[in-house]
Amino acid sequence: GFDTMESETQIIPVLTGDISNTMRTAERLFEMGVFVPGVRPPTVPKNKCRIRISIMATHEDAHIDKVIGSFRRLKDEGIFCNRD
């Protein structure tokens, strides 16, 4: 249910839409112990803001499960949503 822009690399963008939604999502994830920066203009076009997940070889399954669980929780809480 998340737009990862068909990424097939260790860097996974998750489209969040506008700046405020992106930064709110990044801040909430940080509060949950997940550091994923929000990327916004001028780095990306307006309304194409995204969260940038970077997977490293040192990440364990538990780390990835935490990130996925955190994204699901935000979506369930209505905090995260894709917006154009």
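**The nonpolar core and helix H2**

In this predicted model, the largest nonpolar core consists of 12 residues: Val14, Ala26, Leu29, Met32, Val34, Val36, Ile51, Ile53, Val67, Phe71, Leu74 and Ile79. Such a core is a set of buried Ala, Val, Leu, Ile, Met, Phe, Trp, Tyr and Cys residues joined through side-chain atoms within 4.5 Å, where buried denotes under 20% relative accessible area, exposed over 50%, and partly exposed the range in between (1.4 Å probe, protein chains only). Helix H1 (19-31), strand S3 (49-54) and helix H2 (61-77) each supply at least two of the core residues, and H2 gives the most, with 3. Helices (H or I, at least four residues) and strands (E, at least two) are DSSP runs, numbered from the N terminus.

Residues are numbered from 1 along each chain as its sequence is written. Local features need pLDDT of at least 70 and side-chain atom pairs count only at pLDDT 80 or more, whereas totals for chains, interfaces and linings use all residues; side-chain values use heavy atoms, with hydrogens and water left out.

Helix H2 merits a closer reading. Its buried residues are Val67, Ser70, Phe71 and Leu74. Viewed down the helix axis, the buried residues of H2 fall within an arc of 95 degrees, so they line one face of the helix; the arc is taken from the directions from the axis to the C-beta atoms. On the other side of H2, Asp61, Ala62, Asp65, Arg72 and Asp76 are exposed. The cover over the buried residues of H2 includes strand S1 (11-17), H1 and S3, with contact meaning heavy atoms within 4.5 Å. Just after H2, Gly78 adopts a positive phi of about 80 degrees.
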